[in-house]
Amino acid sequence: MALAAPLIATGLTIVISSIFFLTLGLNPFLTLYTFFVEPLTTKNGLSEWLLKASPLILIACGLSIGFRANVWNIGAEGQLIMGAITATGVGLFLPFQESGLLLPLMAVAGVIGGMAWAAIPAFLRDRMNTNEILVTLMLTYIAALILSWLVHGPWRDPEGFNFPQTALLPNQGMFGVFDYAYRLNTSIFITVVVVVLTWVFTERSFLGYKMSVGGAAPSAARFAGFSSSASIWIGLLASGAAAGLAGMMEVAGPLGQLSPQISPGYGFAAIIVAFIGRLNAIGIVLGGLLLSLLYLGGETVQLSLGLPSSIALIFQGMLLFFLLASNFLINFRFRKIAMRAH
């Protein structure tokens, strides 16, 4: 059932979506085809599919490490923003912008920015026993306000026609593209490396095993001497690093500059990806491809059928709801009980 639950949730999402489309007077088969199949029939569609899947998979890999230990980072969106901010600051204001070291330094800055933002809830949870769910979520709004202040104020491009955005990053601060006709770039290799490292850490390392035990059986972990404090810090810093790196990849990849639209909600959607993938690196790849298809399908039905692109958020919500409901069947089963006569 652990493997079947995501498939059940996906199937129920499609069924309920078909009913939803019928109520709107649309052909459900045509609409579902436009949503899930049509985006993958062109090279540009395939390029955008992988481009959108990359940050989702990357962030979900980081989140899965903490989730295994019951460390609930809900603020990856804010850590992504802070990673994008720190990486852009390095890219725009370091004096040697023509150096080949610029892009690696931006990546390091993105990781540090995400980790620093995640270190705040880690410290508060470890020292003051605060709820990391609330703290990480509230910090997301603070990060968004910092981003808005920067692009509307001190970092706004003076030649940007008053748009809230920074200047374009230099060429040395951008990932190379595979084909200039499409946006897919070499940052996808970073995601591949992170997936492999996540699998090794969670499935083959003793530290990953200790974190899994801490999440599944906290009393047993304490009896064995496993540190809950270490799990908190590792879980939050790993997810913060992944989210910050994803933010750097967005500004140094398809966007090329910092703006308020740095993310369409990748940090929140990655939570769904992590659970669809059962907190397993290979499953996360499949979950990321599914969620990125929802983003791409939302754009396609907007252009082809005139539906709002936000319909993708409805799909995400239904998918998460049915996934949580299907998880009930992992530990419980329905059984008919004979009624006794009194």
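Begin with the largest pocket, whose volume is about 320 Å³. On a 1 Å grid over the protein atoms alone, a pocket is an open set of points with protein on both sides within 12 Å along at least five of seven lines, and lining residues have an atom within 4 Å of a point. Grid points are joined across faces, edges and corners, and a volume is the space filled by probe spheres set on the points. The structure is a predicted model, in which local features need pLDDT of at least 70 and side-chain atom pairs count only at pLDDT 80 or more, while totals for chains, interfaces and linings use all residues. Residues are numbered from 1 along each chain as its sequence is written, and side-chain values use heavy atoms, with hydrogens and water left out.

**The pocket lining**

Select Lys52, Pro264, Tyr266, Tyr295 and Glu299, the closest to the pocket centre among its 17 lining residues. Next colour helix 3 (43–68), helix 10 (228–255), helix 12 (281–305) and helix 13 (311–331), each of which supplies at least two lining residues. Helices here are DSSP runs (H or I, at least four residues), numbered from the N terminus. The pocket lining comprises nine nonpolar, four polar and four charged residues. In this scheme Ala, Val, Leu, Ile, Met, Phe, Trp, Tyr, Cys and Pro count as nonpolar, Asp, Glu, Lys and Arg as charged, and the others, Gly among them, as polar.

**Helix 3 against helix 12**

Keep helix 3 selected and add helix 12: the two pack at an angle of about 135°, with their axes 7 Å apart. Axes are lines fitted to C-alpha atoms, for helices over the stretch in contact, and angles run from 0 to 180 degrees between N-to-C directions. Helix 3 and helix 12 are therefore oblique to each other; angles under 35 degrees count as roughly parallel, over 145 as roughly antiparallel, 65 to 115 as roughly perpendicular and the rest as oblique. Their crossing is right-handed, meaning that the near helix is turned clockwise from the far one by less than a right angle, whereas an anticlockwise turn is left-handed. Residues in contact (heavy atoms within 4.5 Å) include Lys52 of helix 3, and Tyr295 and Glu299 of helix 12. By class, this contact has 14 nonpolar, four polar and three charged residues.

**Helix 3 against helix 7**

Now replace helix 12 with helix 7 (residues 188–204), which packs on helix 3 at about 20°, with the axes 9 Å apart. Helix 3 is thus roughly parallel to helix 7, and the crossing is left-handed. Among the contact residues are Leu50, Ser54 and Arg68 of helix 3 and Ile188, Thr191 and Glu203 of helix 7. The contact divides into nine nonpolar, five polar and two charged residues.

**The cavity**

How many cavities of 30 Å³ or more does a search of the whole structure find? There is one; a cavity is a set of points where a 1.4 Å probe fits but cannot get out. The largest cavity has a volume of about 50 Å³. To display its lining, select Leu51, Ser54, Pro55, Leu184, Asn185, Ser187, Ile188, Met249, Glu250 and Pro254. Helix 3 and helix 10 are the elements that give two or more residues to this lining.

**Helix 4 against helix 11**

Finally, select helix 4 (residues 76–93) and helix 11 (residues 266–276), whose axes come within 6 Å and cross at roughly 135°. Helix 4 is therefore oblique to helix 11. The contact joins Ala76, Glu77 and Leu80 of helix 4 to Tyr266, Gly267 and Phe268 of helix 11.
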